[in-house]
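Welcome to a short tour of a protein model. Have a look at the sequence and the fold, and then read on at your own pace.

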Amino acid sequence: MRGVDLETVERPFDGCGKCLLGVRRLSRMKAATTSPERQRENVLSAAAAVGGHIIAWADDWEVSGATDPVTRPRLGPWLRGERAPFDGLVAAAVDRLGRNVVDCLNTGYRMRDEGRLLVTYGHEGPWDLDDAVDENRFTMEAWGAQMELRAIQRRNRDATEKMRRAGRPKGKPSYGFRFLRASVGGRIERVELHPHAAGVLRDVARRILADAELVTPSGEAARLNRLGELAPIDHLAVMYGRQAQGRPWYPTSLRNILLSEATLGYLMHRGRPVLDRSGQPVRLCEGVWDRAMHEELKRVLTPRETPFVGRRSNRDYMLTEVALCGNCHNRLFTQTSALQPRRYVCTVRNKGWRSARDCRPAPLVMTHRLDAWVEEWFLRTYGDGMIFETVYDPGNGVRERIAEIRANRERLRADRQSGLYDAPDDAEWFRQRYAEMGRELALLEAEPERAPGLVQRPTGETVADRWAKAADDQARKEILLDFGVRVTLFPASAPVRWVPGVVHGPHRPQTERG
């Protein structure tokens with residue numbers, strides 16, 4: 001490596017005054033790229049040239065040059081003083097610091113004001129921004145990097161507009177879809193549903209539509225995290241051969257995916273479908289669901305007040321929000337400690353709640369015991385029962401299709417009134433297309449409508465089967481909530497009422513079906 005001794009150039013911080021941070025950045029990581037190795041070699045050479053050594057690396061892969069260095073995932077914490085001490089930065093070039101003049105100058109002046117070195121490969125010695133020559137050269141290189149970024153952005157924008165006019169996708173597929181290419185990195189031949197990701201979305205939509213009051217995007221995001229489902233950004237990374245970073249699902253992003261018209265298989269631009277010459281959305285492939293189901297999701301996912309229930313919990317306790325105190329009738333809480341097993345206990349009197357001022361002695365039971373008692377009772381009582389699931393039937397979608405055509409016709413009419421179709425050939429096209437929409441609308445209005453709604457259908461499995469297949473205690477808690485089960489716990493000194501089908505004993509729960 002050009003005579004550079006790695007053992008000399010790379011070593012821990014020793015307070016010598018030249019303990020430098022190696023900075024590398026790349027916008028797109030590909031298997032064939034050699035840029036990381038080249039940047040490493042250049043950084044080590046530049047550090048050795050000024051008599052310094054590298055104590056750590058701030059490698060920002062898959063990070064655009066337009067990103068402010070202070071907010072970059074790896075470099076940002078060092079610049080904000082959240083990492084170990086260091087004496088300066090070393091980069092392979094000025095454009096590795098950033099592709100924006102302001103960002104580069106801010107980073108350079110920060111190093112100057114903090115008394116740290118700023119070194120880049122190809123520049124003799126550290127940059128001295130108090131020197132007019134060095135300052136001008138540094139500014140010129142930053143300006144060149146910014147101009148190169150603008151040229152790249154302009155080429156990408158022109159290519160995107162060309163692809164959009166041709167009705168072809170460019171960029172990244174929406175969650176639930178995938179691009180098919182004849183060769184790696186080649187032209188997109190067609191778009192199709194991703195079998196697993198589309199199934200995840202359909203399952204989430206089915207659960208929300210079946211119980212919109214209790215099943216929310218927040219609870220579903222927590223459930224997907226517990227099941228280990230890859231978040232959209234990690235799912236995309238794995239599809240393209242990169243490693244997942246373990247990033248979580250977020251309720252807002254899940255809700256946005258469910259409400260996006262991209263799920264209908266449309267070509268999208270800035271969150272809206274791209275329209276063809278006939279005024280209709282450009283469809284890339286079949287949708288995850290149809291227009292009727294999309295409209296129903298929009299209806300149920302509008303902001304509303306929802307009661308707090310145990311479904312939103314991300315804790316692995318089966319009876320939170322299910323178990324109640326027999327004295328004060330408040331819900332039981334959980335306690336953990338290093339010396340004692342986990343337990344359910346009524347703690348509201350200690351919190352000063354008025355409703356619990358007479359709650360003594362407070363009931364307490366180990367979680368594994370109460371969970372086992374409730375599981376035994378529940379499976380004995382309901383385990384052989386067949387499960388029917390409530391699903392949303394979108395109907396035949398006539399109403400939604402009529403609304404869509406009317407909206408497209410109104411859009412064409414507004415464009416005509418604004419003067420877009422004044423030319424003779426455009427006016428003739430407008431009349432033909434407007435008449436076609438009218439005929440299509442008349443046919444739909446004459447078609448019988450099957451209204452959407454919730455229907456029940458057998459699943460072919462028993463309660464015991466679903467209980468056995470539950471992924472964790474949170475999933476089992478959702479089954480208990482679906483059956484309206486509530487568990488009332490009394491202290492050992494309290495008289496326990498008899499409930500048919502429940503085995504009683506010290507601290508045994510009174511289990512009821514609401």
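The report below goes from the domains to a pocket, then to charged pairs and a few unusual spots in the backbone.

**The overall layout**

Before anything else, please keep in mind that this is a predicted model. The chain is divided into four parts: domain 1 covers 19-149, domain 2 covers 177-301, domain 3 is made of 323-389 + 458-489, and domain 4 covers 395-451. If you take the C-alpha centres of domain 1 and domain 3, you will find them 56 Å apart.

**A pocket between two domains**

A good place to stop is the second largest pocket, which holds about 900 Å³ of space. Its lining is made up of 28 residues, and those closest to the pocket centre are Arg206, Arg207, Arg466, Ile479 and Asp482. Where does this pocket lie? Domain 2 and domain 3 both give residues to the lining, so the second largest pocket lies between them.

Several elements take part in building the walls. Helix 7 (195-210), helix 8 (217-227), helix 15 (463-469) and helix 16 (473-482) are among those that each supply at least two residues of the lining. Strand 13 (386-393) and strand 14 (453-462) do so as well. Which of the elements gives the most to the lining? That is strand 13, with 5 residues.

The mix of residue classes is worth a look too. The lining of the second largest pocket has 15 charged residues, along with 11 nonpolar and 2 polar ones.

**Charged pairs**

Over the whole structure, a search finds 33 salt bridges. Three of them are set out here, with the distance from N to O.

| Salt bridge | Distance (N to O) |
|---|---|
| Arg137 and Glu141 | 3.2 Å |
| Arg433 and Glu436 | 2.7 Å |
| Glu461 and Arg466 | 2.7 Å |

Let us begin with Glu461 and Arg466, whose side chains meet in a salt bridge. Glu461 has a relative accessibility of 10% and therefore counts as buried, since the limit for that class is under 20%. Arg466 is partly exposed, with a relative accessible area of 28%. There is also a network in which salt bridges with shared partners join Asp203, Arg206, Arg207, Glu220, Arg223 and Glu478. Two names in that network, Arg206 and Arg207, may sound familiar: they were listed with the residues closest to the centre of the second largest pocket.

The pair Arg137 and Glu141 sits within one helix, helix 6 (residues 132-165). These two residues are 4 residues apart there, which is about one turn of the helix. Arg137 counts as partly exposed at 36% relative accessibility, and Glu141 counts as partly exposed at 31%.

Helix 14 (residues 424-446) holds the pair Arg433 and Glu436. Because they are 3 residues apart in this helix, about one helical turn separates them. Are the two partners buried or exposed, or partly exposed? Arg433 is buried, with a relative accessible area of 9%, while Glu436 counts as partly exposed at 35% relative accessibility.

One further contact deserves a mention. The side chains of Arg291 and Glu261 are joined by a polar contact of 2.9 Å. Arg291 lies in helix 11 (residues 291-300), and with a relative accessible area of 16% this arginine is buried.

**Unusual spots in the backbone**

Now for the loops. Which peptide bond is cis? It is the one from Arg360 to Pro361, with omega near -5°. Pro361 has its place in the loop between strand 11 (343-345) and strand 12 (364-366).

Glu321 has a positive phi, near 70°, even though this residue is not a glycine. You can find Glu321 in the loop between helix 11 and strand 9 (323-325). At 17% relative accessibility, Glu321 counts as buried.

His329 also has a positive phi, of about 65°, without being a glycine. This histidine is found in the loop between strand 9 and strand 10 (333-335). With a relative accessibility of 58%, His329 counts as exposed, because the limit for that class is over 50%.

Note on methods. Residues are numbered from 1 along each chain as its sequence is written. This is a predicted model: local features need pLDDT of at least 70, side-chain atom pairs count only at pLDDT 80 or more; totals for chains, interfaces and linings use all residues. Side-chain values use heavy atoms; hydrogens and water are left out. On a 1 Å grid over the protein atoms alone, a cavity is a set of points where a 1.4 Å probe fits but cannot get out, and a pocket is an open set with protein on both sides within 12 Å along at least five of seven lines; lining residues have an atom within 4 Å of a point. Grid points are joined across faces, edges and corners, and a volume is the space filled by probe spheres set on the points. Ala, Val, Leu, Ile, Met, Phe, Trp, Tyr, Cys and Pro count as nonpolar, Asp, Glu, Lys and Arg as charged, and the others, Gly among them, as polar. Domain bounds come from an automatic or database domain assignment. A salt bridge is a side-chain nitrogen of Lys or Arg within 4 Å of a carboxyl oxygen of Asp or Glu. Buried means under 20% relative accessible area, exposed over 50%, partly exposed in between (1.4 Å probe, protein chains only). A polar contact is a pair of N or O atoms within 3.5 Å; within protein, one must be able to donate a hydrogen and the other to accept it, and residues adjacent in sequence count only if both atoms are side-chain atoms.
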